Amino acid sequence: MAIGLLGAFATVVALDPFGRLRLSKSEDVGYNEERPAMVSRAIDPRFNSVIIGNSASMPLMPQSLSKLTGQHFVTLSISGSGAPASIATMKFFLAHHEDARIVVVGLLPETWCGANNSERRPFPFWLYSSLPHYLWGLAGATSSRCSKLSLRTGKPRKRTATAPT
């Protein structure tokens, strides 16, 4: 069983499902859920400026800001996220971009300054943390998924995913 889990983990690392290890391009990551999909976009070397926040920052268009400033913007706005997720995302972007020029943060005041400074929806902080934490999270996700697959009976479901735009 241990060899099977180790093999599954090695396969997941080789496939690099979140694009974190740069084994796949950001547009090749097969997630349409924004929280994991943003990881590969955050490390994409094409960008040197970023829009961070929740739905309050989504009207900001990276193409327009790029045109106005001459910088290369990416949006890492994640709907329903709070200050902790925005800070984690910003730190992650800055850690992977020594050439960062502009950081735009757009959060509603109650999100940033509210009494309850926590996430309303689960946020995968392990995806946006250090490499050892990322690998540990991958191991946990791999073992969890393998356990579910081994317990499931019948035909596996076909999954389809699209790359984020």
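**Surface patch, helix α4 and the nonpolar core**

In this predicted model, Leu94, Val103 and Val105 together form a nonpolar patch on the surface, with an area of about 210 Å². Of these residues, Leu94 belongs to helix α4, which covers residues 83–95. Leu94 counts as partly exposed because its relative accessible area is 39%, a value that lies between the limits of 20% for buried and 50% for exposed residues.

Helix α4 contains 13 residues, and at 1.5 Å a residue these should span 18 Å; the C-alpha atoms at its two ends are indeed 18 Å apart, so the expected and the modelled span agree. While Leu94 contributes to the surface patch, Ala83, Ala85, Ser86, Ala88, Thr89, Phe92 and Phe93 of the same helix are buried. An α-helix has 3.6 residues a turn, so residues three or four places apart point the same way.

Phe92 is also one of the prominent members of the largest nonpolar core, a set of 19 residues in which Val50, Val74, Leu76, Phe92, Leu127 and Tyr128 touch the most other members. Two or more residues of this core are supplied by each of the helices α2 (34–42), α4 and α6 (131–151), and by each of the strands β1 (49–53) and β2 (73–77). The surroundings of Leu76 can be described in detail: when residues up to four places away in sequence are not counted, Leu76 is in contact with Met38, Arg41, Ala42, Val50, Ile51, Ile52, Gly53, Thr89 and Phe93. Among these partners, Thr89 and Phe93 are buried residues of α4.

Helix α6, another contributor to the core, includes Gly137. With a relative accessible area of 13%, Gly137 falls under the 20% limit and is therefore classed as buried. The C-alpha atoms of Gly137 and Pro124 are 9.0 Å apart in space, and the two residues are separated by 13 positions in sequence.

For the chain as a whole, 6 helices and 3 strands are found, and from the N terminus on these elements follow the order α-α-β-α-β-α-β-α-α. The chain has 165 residues, of which 36% count as buried. Of the contacts with a separation of 6 or more, 72% are made between residues 24 or more positions apart. The accessible surface of the chain amounts to about 10,100 Å², and carbon and sulfur atoms account for 62% of this area.

Key. Residues are numbered from 1 along each chain as its sequence is written. This is a predicted model: local features need pLDDT of at least 70, side-chain atom pairs count only at pLDDT 80 or more; totals for chains, interfaces and linings use all residues. Side-chain values use heavy atoms; hydrogens and water are left out. Patches are made of residues with over 30% relative accessible area and no salt bridge: like charges are joined within 9 Å, nonpolar side chains (Val, Leu, Ile, Met, Phe, Trp, Tyr) within 5 Å. Accessible areas come from the Shrake-Rupley method with a 1.4 Å probe; for residues, only the protein chains shown count as cover. A salt bridge is a side-chain nitrogen of Lys or Arg within 4 Å of a carboxyl oxygen of Asp or Glu. Helices (H or I, at least four residues) and strands (E, at least two) are DSSP runs, numbered from the N terminus. Buried means under 20% relative accessible area, exposed over 50%, partly exposed in between (1.4 Å probe, protein chains only). The expected span of a helix is 1.5 Å times one less than its number of residues. A nonpolar core is a set of buried Ala, Val, Leu, Ile, Met, Phe, Trp, Tyr and Cys residues joined through side-chain atoms within 4.5 Å. Contact means heavy atoms within 4.5 Å.
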